[in-house]
Amino acid sequence: MEITQRVEGAVTVVQPDGRIDTEAAEQLDQVLQTALTEGHSRIVVDMSKVEYISSAGLRSLAAVLVRCRDEGGDMKLAALNERVTRVFKIIGFDLLMSVTDTPETAIADFSTGAASEP
Amino acid sequence: MPDELRAEATIENVRRISDFVRDKGRRLGLPDDVLFDIDLAVEEASTNIVRHAYEPGQEGDIQVRIEAVDGDIRITLTDWGQPFEADAAYLAVDVPVEVRAEGGMGVLLIHKLMDEVTRITAAAPGGSNELTMVKHIGR
């Protein structure tokens with residue numbers, strides 16, 4: 001899976017491209033954990049190119065979210081497709097983390113200090 | 001006519017099983033939404049078998065069988081390891097999401113995405129455990 005990463009001000013935007021299955025989840029986890037280790041605790045995950053996610057990916061996102069908040073930051077997700085949104089709702093992840101329609105909104109939420117939980 | 005694939009129970013082969021099921025589903029002309037649900041349920045169930053059915057270092061197989069029966073899609077996953085009997089524990093509705101994230105998300109997804117989930121566990125060690133998942137199509 002291709003994962004791109006860019007920095008916008010104080011926010012790191014990570015964009016995975018493709019299916020986040022068990023194997024790809026390990027790759028995504030590495031990228032996110034490395035960003036955290038490098039001091040980037042304000043993270044937006046742009047999900048616009050993610051067509052599929054399984055529980056391994058969800059587990060990684062939950063762990064990264066906790067670590068971001070422990071370090072005074074947060075992680076926000078953006079642009080989930082309908083099927084991924086349904087998976088999030090089944091597990092209750094829509095209550096755990098902020099989900100916005102676009103990455104730009106998520107980035108803006110960081111600068112305005114919008115509440116971390118919906 | 002059912003299609004079957006049997007492979008060693010490894011994480012690498014979970015992707016192979018997923019590809020096999022998606023390919024068969026496409027050939028059956030399944031709608032994308034149905035394909036997504038089946039795909040995810042199969043990955044979750046296969047991953048659970050790979051991680052929990054066999055002891056560390058113990059080799060074992062996983063088999064997937066997919067067939068269209070009377071307007072249903074029926075998928076059976078078979079292993080020859082330790083039976084998995086904990087579905088109920090993971091399906092409680094009042095589990096906080098933080099706890100759910102620690103384990104049990106896969107089982108919950110399987111039950112929510114598929115219409116029928118049945119387990120037949122081995123009567124004796126070394127026997128086969130079968131997980132059958134059914135998705136109703138067009139009802």
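**Exercise 1.** In this predicted model, decide whether B:D70 is buried or exposed.

*Solution.* Start by counting: B:D70 has 7 C-beta neighbours inside 10 Å. A residue with 12 or fewer such neighbours is classed as exposed, so B:D70 counts as exposed. Next, find its place in the chain: B:D70 sits in the loop between β2 (61-69) and β3 (72-79) of chain B. Finally, look at the backbone: phi of B:D70 is near 45°, a positive value in a residue other than glycine.

**Exercise 2.** Now work through A:A79 in the same way: is A:A79 buried or exposed?

*Solution.* Count again: 21 other C-beta atoms lie within 10 Å of A:A79. The cut-off for a buried residue is 20 or more, so A:A79 is buried. As for location, the loop between β5 (74-78) and α3 (82-91) of chain A holds A:A79. Its backbone is worth a look too: A:A79 is not a glycine, yet has a positive phi of about 60°.

**Exercise 3.** Describe the side of chain B that touches chain A, and say which element gives the most to it.

*Solution.* Begin with the contacts: 17 residues of chain A are in contact with 18 residues of chain B. Then list the elements of chain B that give two or more residues to this side: α1 (11-27), α2 (32-53), α4 (97-100) and α5 (105-113). With 6 residues, α2(B) gives the most. Last comes the chemistry: the residues on this side of chain B divide into 9 nonpolar, 6 charged and 3 polar.

Conventions
Residues are numbered from 1 along each chain as its sequence is written. Chains are lettered from A and ligands numbered from 1 in the order in which they are written. This is a predicted model: local features need pLDDT of at least 70, side-chain atom pairs count only at pLDDT 80 or more; totals for chains, interfaces and linings use all residues. Two residues are in contact if their C-beta atoms, placed from the backbone, lie within 7 Å. Helices (H or I, at least four residues) and strands (E, at least two) are DSSP runs, numbered from the N terminus. Ala, Val, Leu, Ile, Met, Phe, Trp, Tyr, Cys and Pro count as nonpolar, Asp, Glu, Lys and Arg as charged, and the others, Gly among them, as polar.
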